[in-house]
Amino acid sequence: MALQVAGGAGCCGCLPLLGPRRRAAAFLPPRAVASDGAAVDDGSKTVLGGSGVAVTKLGIGAWSWGDTTYWNDFQWDDRKLKAAKGAFDASIDSGITFFDTAEVYGAGVSGAINSESLLGRFIKERQQKEVVEVAIATKFAALPWRLGRGSVLSALKSSLSRLGVSSVESYQLHWPGIWGNEGYLDGLADAYEQGLVKSVGVSNYSEKRLRDAYKRLKKRGVPLASNQVNYSLIYRNPEENGVKAACDELGITLIAYSPIAQGALTGKYTPANPPTGPRGRIYTSDFLSKLQPLINKIKEIGGSYDKTSTQVVLNWLICQGNVVPIPGAKNAEQASEFAGALGWSLTEQEVEELLSLAREVKPVMGFPVEKL
């Protein structure tokens, strides 16, 4: 069920840029509220690029919520819905208020529920109990039949309706289009100027595409805030293909998806117990065997801090600088564990030790659109 925005998705004009208005919670539609960068002084948040939009230093990925194509053993039910709601609430309770979703997550497949709709529902239910400040990032699918800047605005308004908000903190191009990318970027700038989004970003963009997007948006006076890419201790392609360096140079935040390698770095899976479903074809028993020396070192380092392996590998990414990891949380336990990656730091020596061992592991396959 789509959550409708009171007054329409485009009714707020440029008001989102002025900050949240203090009204009685009962009269507020659930919405994403971002502080300006200057208001963040406790070290718990970071600003997305040059946008001024502040988000928690770690976010939660909502790819699995409602999905029946890759996650959840190809089925969605009330038990998994309750678990996802628990993940959302536990994230908020732990101080993590940045959530990443997309129009294609959980969409178009029998039995699936759109992730945006679920996130909007969770916000609304929480909002009925208390004022909740949530930063939402969602994404536009660059499908071949979508042409021109208007397609971006149309898709965005549909996303806003499903989310039940008047604007989002970040709207990203999910992957490079086969054609029409200039029009998509113009659509992002239009959405920014109309106040429908507080920042704009891209995802799975190569260094060249990233630089081109940055220049085109800059001509409109719109900062390119982020590039969301696959990045983890065992998938360091952004370091090798120039994307990480370009992000650092241009002041673009790198948002890291699959930061725990879809669970492979948590220590949960072993050669005798590989993951099931599509992940099992990537993280095979043979691969997990070769991964064990790194897994053992991660566990050893975690023990010295009273931290889990998951918390160590997320902290390793944060230590790279200018990186916001967004691990996917399917339940409250996972979400609470992710929060434990914040508030402490590995030493430089430990960062290098983990990198040295990770270099011995052959990289897994990435998302093919990274090479477009």
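Start with helix H2 (115–127) and helix H3 (residues 149–163). Show the pair as cartoon and look along the place where they pack: in this predicted model, their axes are 7 Å apart and cross at an angle of about 40 degrees. Angles under 35 degrees would count as roughly parallel and 65 to 115 as roughly perpendicular, so this pair is oblique. Now put sticks on the residues that make the contact: Glu116, Ser117, Leu119 and Gly120 on the H2 side, and Ser159, Arg162 and Leu163 on the H3 side. It's a mixed bag, with two nonpolar, three polar and two charged residues.

Next, step back from H3 into the loop that joins strand S5 (135–140) to it, and pick Arg146. Is this arginine buried or exposed? Its relative accessibility is 17%, and under 20% means buried, so Arg146 counts as buried. To see what surrounds it, select Glu103, Phe140, Ala141, Ser151, Ala155 and Tyr184; Arg146 touches each of them, leaving aside residues up to four places away in sequence.

Go to the other end of S5, where the loop coming from H2 holds Val134. This valine is buried, with a relative accessible area of 0%. Draw a C-alpha to C-alpha distance from Val134 to Ile96: you should read 8.7 Å, for two residues 38 apart in sequence.

Now for helix H1 (residues 78–93). Which of its residues are buried? Color Lys80, Leu81, Ala84, Lys85, Gly86, Ala87, Phe88, Asp89, Ala90, Ser91 and Ile92. Then bring up what covers them, which includes strand S3 (60–61), strand S4 (98–100), H2 again and helix H10 (332–339). For a quick check on the helix itself, span its end C-alpha atoms: they are 22 Å apart, and because 16 residues at 1.5 Å a residue should also span 22 Å, the two agree. After H1 comes Gly95, so click on that one too; its phi is positive, near 90 degrees.

Last stop, the nonpolar cores. In soluble globular proteins, nonpolar side chains tend to be buried together. The largest core here has 93 residues, and Trp65, Leu265 and Leu291 are the members that touch the most others. Which helix gives this core its largest share? Select helix H8 (residues 285–305), which supplies seven residues. Apart from this core lies another, of eleven residues; to find it, select some of its members, including Val53, Val55, Ala135 and Tyr257.

Notes
Residues numbered from 1 in each chain as written. Predicted model: local features only at pLDDT ≥ 70, side-chain atom pairs only at ≥ 80, totals over all residues. Heavy atoms only, no water. Core = buried A, V, L, I, M, F, W, Y, C linked by side-chain atoms within 4.5 Å. Buried < 20%, exposed > 50% of the residue type's maximum accessible area, 1.4 Å probe, protein only. Helix = DSSP H or I, 4+ residues; strand = E, 2+ residues; numbered from the N terminus. Expected span 1.5 Å × (residues − 1). Contact = heavy atoms within 4.5 Å. Axes fitted to C-alpha atoms, helices over the stretch in contact; angles between N-to-C directions. Parallel < 35°, antiparallel > 145°, perpendicular 65-115°, else oblique. Nonpolar A, V, L, I, M, F, W, Y, C, P; charged D, E, K, R; others polar.
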